[in-house]
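Thanks for coming, everyone. Please take a look at this structure with me. I will keep it short.

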Amino acid sequence: MGVNTNPVLGGDGFVTTKLSSFANWARKNSLWPMPFGTACCAIEMMGAFASRFDLSRFGAEVVRFSPRQADLMIVSGTITYKMASVCRKIYDQMPEPKWVIAMGSCTCGGGPFDSYAVVQGIDEFLPVDVYVGGCPPRPEALIDAVMKIQKKIEREGAPIV
Amino acid sequence: MSFDLQAVIDSLKSNFPDTILDIKTFRNETTLLIKKEKIQEFCMYLKNNFDFKFIVDITAVDYLERKTPRYEVVYYLHRFGPEYSENVRIRLKVEVPEEDTRVLSVTPFWSGANWLEREVYDLFGIEFVGHPDLRRILMPEEYNAHPLRKDFDVRNREPSKRCFEKALKEGESGTS
């Protein structure tokens with residue numbers, strides 16, 4: 001990106017950039033999260049969305065409960081095998097491009113539940129972009145994860161379709 | 001007026017002489033061991049004559065390699081009264097052998113028993129004869145094990161994985 005001034009425009013400036021980096025800039029500052037909260041991590045996620053931690057400072061305040069309108073899935077809470085197919089279905093319903101945050105020990109690797117019903121990490125069935133450890137992680141940790149997603153989007157060089 | 005539990009037990013003893021196999025009282029909790037075949041009549045009598053209107057819980061215990069018969073189904077009945085002392089709880093137990101895991105259902109008397117019996121069926125594999133809708137309630141419907149049985153490996157995720165993969169395939173072919 002470069003800022004220019006042009007006498008033809010009466011001294012007003014303009015910015016030259018690539019379309020892909022412009023799109024990435026827009027995408028990273030308007031992430032619409034789809035909350036998939038199944039357990040106590042969801043409480044911390046709500047804390048991150050609410051006024052004290054205020055995720056809207058990073059442009060991610062429009063929490064959508066419809067996957068069709070979301071591009072960031074925050075999976076927070078224990079995922080059982082019975083829930084996993086639902087989780088996958090909701091992920092499939094989200095439009096591209098999309099990203100996934102695995103929030104908490106349970107989603108990252110099963111947490112304390114080494115049992116017959118619990119998925120040992122959601123990367124068994126979802127492509128996870130950022131893992132957040134903790135049981136549950138503090139809202140700061142989730143904010144950090146969102147910022148990491150933003151950095152990742154910034155670097156993306158995929159052509160716009 | 002307080003509720004006299006001893007009078008209830010005496011009445012049960014005289015009305016069902018061969019049905020009560022054992023009576024235990026520990027810390028004011030009364031446990032009756034009942035013959036498996038008589039559970040329906042026994043529950044109906046308790047409900048109609050002594051106002052045990054509420055089924056608190058139905059659960060089961062697996063005594064693998066500790067006791068025969070292997071299973072016990074446990075019923076908690078509650079009776080509400082206007083006075084505190086008239087609130088009485090009683091525990092019934094039924095022994096279920098490994099070879100014949102069928103018990104008569106009590107859902108006809110307490111509709112609240114419906115899901116409780118489904119849970120016991122799901123996790124222990126005990127069949128409740130006369131239940132209106134005996135399906136699994138927690139595990140997936142095509143799951144082929146009973147996880148709370150002592151001979152089930154709690155870390156065995158294979159049955160869950162199979163059900164999950166099947167659900168994924170169905171999701172792909174259906175309209176999602």
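**Where the parts meet**

Start with the two chains. Chain A and chain B bury about 1400 Å² between them, and carbon and sulfur atoms give 65% of that area. Keep in mind that this is a predicted model.

Which three residues supply 52% of the area that chain A buries against chain B? They are Tyr81(A), Lys82(A) and Tyr116(A), and no other three residues supply more. As for the contact itself, 16 residues come from chain A. Chain B brings 18 residues.

Now look inside chain B. The domain assignment splits chain B into domain 1, residues 5-134, and domain 2, residues 139-176. Their C-alpha centres lie 31 Å apart. The two domains do touch: 10 residues of domain 1 of chain B are in contact with 8 residues of domain 2 of chain B. About 790 Å² is buried between these two domains, with 53% from carbon and sulfur atoms.

Over to chain A, for a pair of helices. Helix α1(A) covers residues 19-28, and helix α5(A) covers residues 139-155. Their axes come within 8 Å and cross at roughly 165 degrees. An angle over 145 counts as roughly antiparallel, so α1(A) is roughly antiparallel to α5(A). The crossing is right-handed.

Who makes that contact? From α1(A), we have Asn24(A), Arg27(A) and Lys28(A). From α5(A), we have Gln150(A), Ile153(A) and Glu154(A). Sorted by class, this contact of α1(A) with α5(A) has 3 charged, 2 polar and 1 nonpolar residues.

That's my tour. Over to you.

Technical notes: Residues numbered from 1 in each chain as written. Chains lettered and ligands numbered in written order. Predicted model: local features only at pLDDT ≥ 70, side-chain atom pairs only at ≥ 80, totals over all residues. Heavy atoms only, no water. Axes fitted to C-alpha atoms, helices over the stretch in contact; angles between N-to-C directions. Helix = DSSP H or I, 4+ residues; strand = E, 2+ residues; numbered from the N terminus. Parallel < 35°, antiparallel > 145°, perpendicular 65-115°, else oblique. Left-handed = near helix turned anticlockwise from the far one by under 90°. Contact = heavy atoms within 4.5 Å. Nonpolar A, V, L, I, M, F, W, Y, C, P; charged D, E, K, R; others polar. Domains from an automatic or database assignment. Buried area = accessible area lost by both parts, 1.4 Å probe.
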